[in-house]
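Please open the structure in the viewer and follow the stops below in order. At each stop, make the selection named and compare the view with the description.

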Amino acid sequence: MGETVINNEPITADAKILLEAKNLTHEFDYKLFENINLDLKQKESIAIIGISGSGKSTLLNIFSSLLKPKYGEIFYNNKEIYKLKKRELLNIRRKDFGIIFQAHYLFRGFSANDNLEIATLLSGNEIDKDLLKRLNIDFVLKQGVGELSGGQQQRLSIARVLTKKPKIIFADEPTGNLDKQTAQVVMQTLHKYVKDNDAGMILVTHEDDLAMQCDKVYKLENLQLEELK
Ligand SMILES: Nc1ncnc2c1ncn2[C@@H]1O[C@H](COP(=O)(O)OP(=O)(O)OP(=O)(O)O)[C@@H](O)[C@H]1O
């Protein structure tokens, strides 16, 4: 545990755009954001910070196909995702999008290994033993999910998402349950995955130091994304 983050390759101007958000506006009881635009390129990681209630999770839900915005569009592979047929959208969400939220959605009553096997069945990929070692969960595979600590469950859910080999990772406070050192290992693992697999990542976090390890950092404030890095 505890190497330095490998995240210094610059993103070239001609890198492929993975996800494009155009003019997003959304509100619940109050307006959260207005006319937000964002591009996510291959190998790029983008962090979104902002005070509690500013709408970060809502924005991530919209990016990640879970919530249709009031106005605006999200393009993935040149298609507007909210105009796709339900089945097509589900397919993208299942195969290409890796959604890591604090609630883990692990199958309780099954072992850690069973949970990973499900991801291999869905994706046709193998379980990556090195990944499990990096995340320090290789020794808990036989245990039931309910027997794992909160942090182990969180890392298992991250391993399960990465086993799918998603094109884009959407992560909402993925290190919320973890101590600083383990959080650092998890972030390194996510950054390495993004660089090694020509993927992209959008991360919502309260931790400024974790945000600054991303290629770009935006603060959601006054209905806009202000570019901090
Ligand atoms: N499904 C929903 N229905 C109604 N209101 C919602 C819904 N989801 C979020 N909100 C409201 O939208 C506002 C922004 O919530 P959101 O979770 O996006 O903020 P956040 O910046 O991620 O906050 P935090 O940092 O505390 O997680 C809050 O006032 C919340 O109550």
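Select strand 3 (45–49) and strand 8 (200–204) in this predicted model. These two strands run parallel and are joined by 4 bridges. To see one such pair, show Ala 47 of strand 3 and its bridge partner in strand 8, Leu 203.

**Strand 3 and its two faces**

Keep strand 3 selected and colour its residues one by one. In a regular strand the side chains alternate between the two faces of the sheet. Which residues of strand 3 lie on one side, and which on the other? Ser 45, Ala 47 and Ile 49 belong to one side, while Ile 46 and Ile 48 belong to the other, and both faces are covered. Because 5 of the 5 residues of strand 3 are buried, this strand is largely enclosed by the rest of the structure.

**Strand 9, the other neighbour**

Now add strand 9 (residues 216–221), which pairs with strand 3 in the parallel sense over 4 bridges. Several residue pairs can be displayed here. Ile 46 has Lys 216 as its bridge partner, Ile 48 stands opposite Tyr 218, and Ile 49 is partnered by Lys 219. Strand 9 is largely enclosed by the rest of the structure, because 5 of its 6 residues are buried.

**Strand 10 and the hairpin**

Next select strand 10 (224–227). Strand 9 and strand 10 run antiparallel and are joined by 4 bridges. Tyr 218 appears again at this stop, since it stands opposite Glu 227 in strand 10. The two strands form a hairpin with 2 residues between them. In the turn, select Asn 222, whose phi is positive, at about 50 degrees.

**The whole sheet**

Show the complete sheet now. In what order do its strands lie? This open sheet has 6 strands in the order 6-7-8-3-9-10, and the pairing is mixed. Its edges are strand 6 (97–100) and strand 10, each of which pairs on one side only. On average, neighbouring strands of the sheet are turned by 20 degrees against each other, direction ignored.

**Helix 6**

Move to helix 6 (residues 180–196). Its 17 residues should span 24 Å at 1.5 Å a residue, and its end C-alpha atoms are 24 Å apart, so the two values agree. Highlight its buried residues: Ala 183, Gln 184, Val 186, Met 187, Leu 190, His 191, Tyr 193 and Val 194. What covers them? The covering elements include strand 3, helix 5 (150–163), strand 7 (168–172), strand 8 and helix 7 (208–212). Just after helix 6, select Asp 198, which takes a positive phi of about 50 degrees.

**Helix 5**

Continue to helix 5, which is among the elements covering helix 6. Helix 5 has 14 residues and reaches 20 Å from its first C-alpha to its last, close to the 20 Å expected at 1.5 Å a residue. Because 12 of its 14 residues are buried, helix 5 is largely enclosed by the rest of the structure. The buried residues include Leu 156, Ile 158, Val 161 and Leu 162, and also Arg 155 and Arg 160. Their cover includes strand 6, helix 3 (112–123), helix 4 (129–134) and helix 6. Just after helix 5, Lys 165 has a positive phi of about 55 degrees.

**The ligand**

Select the ligand and the residues around it: Phe 28, Leu 32, Gly 50, Ser 52, Gly 53, Ser 54, Gly 55, Lys 56, Ser 57 and Thr 58. Colour this shell by residue type, and it divides into 2 nonpolar, 7 polar and 1 charged. Which helix gives the most to the shell? Helix 1 (residues 56–63) does, with 3 residues.

**Ala 13**

For the last stop, select Ala 13, in the segment before strand 1 (17–27). Is Ala 13 buried or exposed? A residue counts as exposed if 12 or fewer other C-beta atoms lie within 10 Å of its own. Ala 13 has 6 such atoms within 10 Å, and therefore it is exposed. Finally, display Lys 41, which is 28 residues from Ala 13 along the chain; their C-alpha atoms are separated by 9.1 Å.

Technical notes. Residues are numbered from 1 along each chain as its sequence is written. This is a predicted model: local features need pLDDT of at least 70, side-chain atom pairs count only at pLDDT 80 or more; totals for chains, interfaces and linings use all residues. A residue is near a molecule or strand if its C-beta atom, placed from the backbone, lies within 6 Å of it. Ala, Val, Leu, Ile, Met, Phe, Trp, Tyr, Cys and Pro count as nonpolar, Asp, Glu, Lys and Arg as charged, and the others, Gly among them, as polar. The expected span of a helix is 1.5 Å times one less than its number of residues. A residue is buried if 20 or more other C-beta atoms lie within 10 Å of its own, exposed if 12 or fewer, and partly exposed in between; C-beta atoms are placed from the backbone. Two residues are in contact if their C-beta atoms, placed from the backbone, lie within 7 Å. Two strands pair if DSSP finds at least two bridges between them. Axes are lines fitted to C-alpha atoms, for helices over the stretch in contact, and angles run from 0 to 180 degrees between N-to-C directions.
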